[in-house]
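Open the model in your viewer and keep the selection panel at hand. The tour goes from one selection to the next and says what is there.

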Amino acid sequence: MSNISKTNDQILDFDYQLKAQDDAFPTLKVLDNDGKIVDEKALERADLSDDDLINIFHNMLLNRQLDIRSTKLARQGRFGFFAPTAGQEASQMASAYAFHDEDWLFPGYRDIPEIVAKGWPIWKAILWSRGHVVGNEYTTDDGKEVNSWFPQIIIGAQYVEAAGVALGLKKRNKKAVSYAYTGDGGTSQGDFYEGMNFAAAYHANEVFFVQNNGFAISTPRKLQTAAPHLAAKGWAVGVPSLVVDGQDAIAVYLAAKEARAWAVSGKGPVLIETLTNRFEAHSTAGDDPLRYRTKEDIADWWKKDPLIRMRKYITDKGLWDEDKENDYIAQIDARIDEDIKKADNIDKQKISDYLKNTLEVPGYAMKEQIEKFESEGK
């Protein structure tokens with residue numbers, strides 16, 4: 001009787017419930033801010049070779065240079081829509097490194113780097129930002145298919161799309177998964193719950209990422225939900241959920257690797273919340289982060305730059321130095337320069353082209369518009 005009473009008291013103790021939620025989601029960490037390993041056992045479990053460490057850091061540098069160069073192009077009017085990624089390099093590239101070519105990526109509009117890491121040419125990413133139809137061709141330069149959906153503009157919608165593919169992979173007995181990214185704001189959308197609930201109910205091969213970068217456009221995370229951890233929302237649909245230090249590339253990789261192994265074995269999806277931050281504006285479309293953030297807050301996050309942390313670690317291991325970094329960045333810039341030229345040399349689309357690409361079977365009014373613009377050479 002006393003045990004039942006104690007349990008009942010706990011059930012009705014709402015303050016305890018809130019604390020229990022908070023205590024249930026400790027943060028997975030392997031690498032601290034100074035580039036030191038805090039858990040040797042977790043490092044062994046990640047099983048990253050020296051080449052793996054270099055490859056992940058290469059991808060993180062590629063991510064940062066794409067951010068720098070894309071921002072400059074946007075300011076020059078030579079880029080279309082762009083969502084900055086500085087600060088999320090570990091969250092994006094270390095997680096993506098855990099997946100295989102046969103896995104299907106479902107990115108949000110801030111997740112262009114993950115598609116590029118999968119083999120998508122940068123020049124096609126530039127065309128995608130400009131709204132060019134060729135920018136929605138997901139193949140490598142040599143014609144190999146890149147298993148990625150288009151970067152979703154509708155917040156959270158990729159979770160629903162990814163869940164359908166995940167079920168298809170399961171029904172076909174494929175040893176592959178789909179993996180989807182959204183931001184903290186995406187967790188407030190209905191598609192977020194629907195996609196996870198569907199995948200969970202059918203034990204589909206899926207890994208869901210929530211990149212908790214602090215702000216849904218201008219709304220701080222604490223104002224958009226009372227949930228102490230966004231990962232807790234995964235428990236609502238019965239899937240294993242965890243919180244990871246999103247500035248720690250090794251911890252992010254480890255979480256993604258373990259989640260993929262779980263999902264590909266047929267046990268169902270996993271939700272991973274990465275605690276990260278976008279250091280810059282939400283997008284280049286007129287957003288000013290200083291309207292809703294302070295300079296001090298941004299400066300504090302720059303001190304947690306994932307590139308600094310990973311750089312210190314691989315430098316201490318004797319794998320990296322300043323000359324290697326400068327040489328690699330020069331290679332990236334040369335690659336981006338070539339891809340800019342290639343994107344600029346693709347034939348511009350006409351108004352009639354846009355209309356033709358809108359619907360597979362255009363309606364009567366649209367047919368008239370196509371004929372009109374074609375007759376005008378537009």
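The model is predicted. Start by selecting Tyr159, which is buried, with a relative accessible area of 0%. Now add Phe192, also at a relative accessible area of 0% and therefore buried.

Show both side chains. The ring centres of Tyr159 and Phe192 are 5.1 Å apart and the planes meet at 35 degrees, so this pair is tilted. Colour the two helices next: Tyr159 belongs to α8 (residues 157-171) and Phe192 to α9 (residues 190-201), so the pair ties together parts that are 33 residues apart in sequence.

Move on to Phe198 and Tyr202. Their planes stand at 45 degrees and their ring centres are 4.9 Å apart, so this pair too is tilted. As for exposure, Phe198 counts as partly exposed because its relative accessibility is 35%, which falls between the limits of 20% and 50%. Tyr202 counts as partly exposed as well, at 45% relative accessibility.

For a wider view of the rings, select Phe99, Tyr179, Tyr181 and Phe209, which form one aromatic cluster. With ring centres within 6.5 Å as the criterion, the structure has 18 aromatic pairs.

Two lysines come next. Select Lys304 and Trp301: Lys304 lies over the face of Trp301, 4.5 Å from the ring centre. Then select Lys372 and Phe373, where the charged end of Lys372 sits over the ring of Phe373 at 4.6 Å from its centre.

Return to Trp301 and Lys304 for the largest pocket. How much space lies in the largest pocket? About 410 Å³. The pocket is lined by 22 residues, and those closest to its centre are Asn212, Leu275, Thr276, Trp301 and Lys304. To see which elements give two or more residues to the lining, colour α10 (221-224) and α13 (295-302). Sorted by class, the lining has 8 charged, 8 polar and 6 nonpolar residues.

Finish with the strands. Select β7 (residues 241-245), a mostly covered strand in which 4 of the 5 residues are buried. Add β1 (residues 27-28), which runs parallel to β7 and is joined to it by 2 bridges. Within this pairing, look for Leu28, which stands opposite Val244 in β7. Then add β8 (residues 270-275): β7 and β8 pair in the parallel sense over 5 bridges. Here, Val243 stands opposite Glu273 in β8.

How values were computed:
Residues numbered from 1 in each chain as written. Predicted model: local features only at pLDDT ≥ 70, side-chain atom pairs only at ≥ 80, totals over all residues. Heavy atoms only, no water. Phe/Tyr/Trp six-rings, centres within 6.5 Å; stacked < 30°, edge-to-face > 60°. Buried < 20%, exposed > 50% of the residue type's maximum accessible area, 1.4 Å probe, protein only. Lys NZ or Arg CZ within 6 Å of the ring centre and 35° of its normal. 1 Å grid on protein atoms, 1.4 Å probe; cavity = no way out; pocket = protein on both sides within 12 Å on 5 of 7 lines; lining within 4 Å. Points joined across faces, edges and corners; volume = space filled by probe spheres on them. Nonpolar A, V, L, I, M, F, W, Y, C, P; charged D, E, K, R; others polar. Pairing = 2+ DSSP bridges.
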